[in-house]
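Got the viewer open and a selection box ready? Then let's take a walk through this model together, one stop at a time.

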Amino acid sequence: MLQRRIPLVIVFITGVLMSIQYFIPHPVSQSAYNIALTWFRGVASMAYAIAVISFVRHHSRRLKQPQNSFYSAVALAAFLFMCIVGFGFGIGEGTIFAKMYLNVQVPLQATTFSLLAFYMASAAYRAFRVKGLEATLLLITAFIVMFGVTTIGNYIPFIPKLTEWLMAVPNLASKRGILIGVGLGMISTSLKIILGIERNWLGG
Amino acid sequence: MRDFLIKLSKIERRYIYLALFLALTLPLIFPPNFPQKMSPTVKSVFEFIDTLPPGSHVLLSADYDASVLPEVDPMYRAVLKHCILRGVIPIGMTLYPQGAVLALDAFKEAEEYLGARRDTDYVFLGYQAGFQAVILGIGENIKNVFPKDYFGTPIDSIPAMRGVNNYKDIALVISFSGSSVPVTWVIYAYSKYHQKVAAAVTAVSAADFYPYIQTGQFVGMLAGMKGAAEYEYAVRKIMKDEGIEKLPPAKAVKGMDANSIGHLLIMLFIIIGNLGYFAAKRRK
């Protein structure tokens with residue numbers, strides 16, 4: 001019982017206090033705010049520790065499953081190796097840790113992201129068809145924007161202005177609508193969490 | 001002709017991949033060096049930095065990791081060099097643990113090509129955990145968030161940090177990112193401390209940030225490889241004008257050449273695909 005009630009009380013008190021604090025520029029309120037910021041950073045750092053524990057537990061469990069064991073073994077070995085070189089020899093410039101990051105992780109991640117270009121090209125070729133009014137509008141818009149983001153498009157008189165208009169008017173209008181919706185959703189969810197109506201974050 | 005178009009629209013995926021591979025790699029090997037024209041959102045950031053008095057401070061937050069490196073890293077390097085060329089002091093930091101090593105490399109490049117000196121011409125604070133708490137904390141006192149820089153030097157003893165306490169002493173914050181981090185800077189640094197913020201983001205996420213440009217919450221924005229190339233092109237021009245003979249590689253301009261040809265090829269694919277679609281429809 002207390003396991004659920006204590007976090008709820010902490011969230012309620014902190015939520016209400018921090019909301020009030022925002023509107024009170026008094027030194028006492030300011031110093032409470034600074035303390036809260038330090039705590040926030042401490043809690044955020046602990047999130048990394050939890051992430052590491054969760055990662056190790058998850059992959060250790062998967063080691064027992066023959067179909068997943070190889071990938072989990074690679075993940076755990078890479079993790080242990082980086083921990084050993086990081087804690088053992090430091091993470092600064094020129095260390096093994098930094099070299100592994102720059103020469104292994106960076107190219108791997110950049111390559112994975114770059115592969116999207118190939119999938120997009122293939123998908124555009126097969127799926128971008130003038131099948132109806134909406135599809136035609138989408139196609140024309142995509143064509144103008146794609147042309148607008150090329151260097152060559154810059155030198156065709158109306159393309160840069162049209163691209164800018166598409167981004168700054170129709171795109172902006174739809175984004176703003178979504179953002180207002182998201183903002184209202186965030187306010188209502190925050191209130192529900194502070195008041196203890198929304199309790200999913202407690203788990204279970 | 002109709003049969004040929006239908007056949008072409010059903011071409012195997014590997015040929016599309018091969019064509020795109022050639023369209024992307026050939027311009028990197030034989031760069032056509034298309035001249036760049038600055039778009040309005042890039043121009044706003046460029047002119048803002050260009051007109052800052054020497055000695056002003058600009059906070060460059062490398063909020064990205066390796067996955068978006070090809071697009072965002074050239075932006076970071078170009079803006080950093082622009083600051084140094086204009087005597088503006090860049091303060092490097094990151095909200096991403098992976099960002100520190102990547103950003104540090106950009107500062108090393110500025111040392112090599114512009115003779116920038118650590119702690120005098122630039123400051124590198126590195127990474128601090130806490131995300132929103134870091135952004136808010138800088139608004140109160142930067143020394144509470146970063147008591148030491150990345151190299152372990154106490155902030156108080158860094159000459160370039162003299163007189164820098166919070167956002168009031170920082171002319172502009174630029175968040176370099178492949179996600180929504182620049183919005184976090186708007187929410188916490190702009191709304192609470194009225195700090196001027198700009199964004200340098202990937203092309204795929206750029207559309208999300210236009211509402212913030214229209215409201216003036218962002219001073220400007222560098223979007224994708226195009227934004228990076230435009231900024232890099234302008235900075236290289238300044239370097240040439242100042243008689244700097246050894247120039248760093250023009251990664252973004254080269255990348256943009258490949259990007260442009262890649263885009264044109266995709267557009268051609270779409271046209272061919274549609275011609276095939278109509279040919280098949282007519283046959284039915």
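The stops below go from the pairing of the chains to the domains and then into one strand.

**Stop 1: both chains.** Colour chain A and chain B separately, and keep in mind that this is a predicted model. At the interface, 51 residues of chain A are in contact with 69 residues of chain B. Together the two chains bury about 5,400 Å², with 66% of that on carbon and sulfur atoms. Now select Arg41(A), Phe118(A) and Tyr125(A): they supply 13% of the area that chain A buries against chain B, more than any other three residues.

**Stop 2: a charged pair.** The rule finds 2 salt bridges across the interface of chain A and chain B. To see a salt bridge, show the side chains of Glu93(A) and Lys108(B), which meet at 3.4 Å, N to O.

**Stop 3: the domains of chain A.** Select residues 1-61 for domain 1 and 128-198 for domain 2, as the domain assignment of chain A gives them. Their C-alpha centres lie 35 Å apart. The contact draws on 6 residues from domain 1 of chain A and 4 residues from domain 2 of chain A. Between them these domains bury about 330 Å², 79% of it on carbon and sulfur atoms. On the domain 1 side, highlight Leu8(A), Val11(A) and Phe12(A), which lose the most area to domain 2 of chain A and together make up 76% of what that side buries. The count of salt bridges between these two domains is 0.

**Stop 4: the domains of chain B.** Here domain 1 is in two pieces, 1-30 + 259-282, while domain 2 covers 40-249. The centres of these domains, taken over C-alpha atoms, are separated by 39 Å.

**Stop 5: strand β4 of chain B.** Select residues 172-177. Is this strand enclosed or open? Strand β4 of chain B is largely enclosed by the rest of the structure, because 6 of its 6 residues are buried. Show the side chains: Leu172(B), Ile174(B) and Phe176(B) point one way, Val173(B), Ser175(B) and Ser177(B) the other way. In a regular strand, side chains alternate between the two faces of the sheet.

**Stop 6: the neighbours of β4(B).** Add residues 57-63, strand β1 of chain B, which runs parallel to β4(B) and is joined to it by 6 bridges. Val58(B) has Leu172(B) as its bridge partner. Next add residues 197-201, strand β5 of chain B, paired with β4(B) in the parallel sense over 5 bridges. Phe176(B) stands opposite Ala200(B) there. Finally, trace the chain from β4(B) through helix α8 (residues 181-193) of chain B to β5(B): this β-α-β crossover is right-handed.

How values were computed:
Residues are numbered from 1 along each chain as its sequence is written. Chains are lettered from A and ligands numbered from 1 in the order in which they are written. This is a predicted model: local features need pLDDT of at least 70, side-chain atom pairs count only at pLDDT 80 or more; totals for chains, interfaces and linings use all residues. Side-chain values use heavy atoms; hydrogens and water are left out. Domain bounds come from an automatic or database domain assignment. Buried means under 20% relative accessible area, exposed over 50%, partly exposed in between (1.4 Å probe, protein chains only). Helices (H or I, at least four residues) and strands (E, at least two) are DSSP runs, numbered from the N terminus. Two strands pair if DSSP finds at least two bridges between them. A crossover is right-handed if, with the strands pointing away from the viewer, the path from the first strand over the helix to the second runs clockwise. Contact means heavy atoms within 4.5 Å. Buried area is the accessible area (1.4 Å probe) that two parts lose on being put together, summed over both. A salt bridge is a side-chain nitrogen of Lys or Arg within 4 Å of a carboxyl oxygen of Asp or Glu.
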